[in-house]
Amino acid sequence: MNEPFLEFTDDEREQITSVMSPINTFVAEMQNKFINGKESLDNWSAFQDRLKKTGDIDKVLQIYADALKRYQDRVIQ
């Protein structure tokens, strides 16, 4: 099954880029720490909480949900 082709507005693209850049950096850093044992896996929940705390992930998820809705509206019509 093919994944839907989601189209984002220019504003949405900008928001995703500005929000995801620091998130991706943080995730990559923490991923390395977890893998290399520099960060205990006991701190996994704290890592997830920190990601959710800013609300940025929720913004990105909403952008994707909006784009998916537009896709569905386009395909179903």
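**A guided tour from D10 to the cores**

Begin by selecting D10, which is exposed, with a relative accessible area of 55%. The model on screen is a predicted one. Now add R13 to the selection: the side chains of R13 and D10 meet in a salt bridge, 2.8 Å from N to O. R13 is partly exposed, its relative accessible area being 42%. Both residues belong to helix α1, and because they are three residues apart there, about one helical turn separates them. A search of the whole structure finds four salt bridges, and two others are visited below.

Next, select D11, also in helix α1. At 46% relative accessibility, D11 counts as partly exposed. Display Q15 as well, since the side chains of D11 and Q15 make a polar contact of 2.7 Å.

Proceed to E12 and R70. These residues form a salt bridge in which the closest N and O atoms are 2.6 Å apart. The pair links distant parts of the chain: E12 is in helix α1, R70 is in helix α3 (residues 56-76), and their positions lie 58 residues apart in the numbering. Is each partner buried or exposed? E12 is buried, with a relative accessible area of 8%, whereas R70, at 32%, counts as partly exposed.

Remain in helix α3 and select K69 and D73. Their side chains meet in a salt bridge of 2.8 Å, N to O. The two are four residues apart in this helix and are therefore separated by about one helical turn. K69 is partly exposed at 46% relative accessibility, and D73 is partly exposed at 32%. For a measure of span, draw a line from the C-alpha of D73 to that of D11: the two residues are 20 Å apart in space and 62 residues apart in sequence.

The tour now turns to the nonpolar residues. Select V19, I23, F26, M30, F34, F47, L51 and V60, the eight residues of the largest nonpolar core. Helices α1 and α2 each supply at least two residues of this core, and α1 gives the most, with five. Apart from this core lies another, of five residues, including L6, F8, I16 and I63. In soluble globular proteins, nonpolar side chains tend to be buried together. Within the largest core, centre the view on I23; leaving out residues up to four places away in sequence, I23 touches L51, D56 and I57.

Which aromatic residues should be selected next? F26, F34, W44 and F47 form one aromatic cluster. The structure holds five aromatic pairs. One of them, formed by F26 and F47, is tilted, with 5.5 Å from centre to centre and 35° between the planes. This pair joins distant parts of the chain, with F26 in helix α1 and F47 in helix α2, 21 residues apart. F26 counts as buried at 13% relative accessibility, as does F47 at 9%.

Finish at E39, in the loop between α1 (10-36) and α2 (44-53). What is the nearest side chain of opposite charge? It is K33, 5.0 Å away, and E39 is buried yet has no salt bridge; the cut-off for a salt bridge is 4 Å, so this distance lies outside it. The side chain of E39 instead makes a polar contact with the side chain of N43, at 2.6 Å. Display M30, K33 and F34 to complete the view: E39 is in contact with these residues, leaving aside neighbours within four places in sequence.

Definitions and conventions. Residues numbered from 1 in each chain as written. Predicted model: local features only at pLDDT ≥ 70, side-chain atom pairs only at ≥ 80, totals over all residues. Heavy atoms only, no water. Buried < 20%, exposed > 50% of the residue type's maximum accessible area, 1.4 Å probe, protein only. Lys, Arg positive; Asp, Glu negative; His and termini not counted. Polar contact = N/O pair within 3.5 Å; in protein donor to acceptor, adjacent residues only side chain to side chain. Contact = heavy atoms within 4.5 Å. Core = buried A, V, L, I, M, F, W, Y, C linked by side-chain atoms within 4.5 Å. Phe/Tyr/Trp six-rings, centres within 6.5 Å; stacked < 30°, edge-to-face > 60°.
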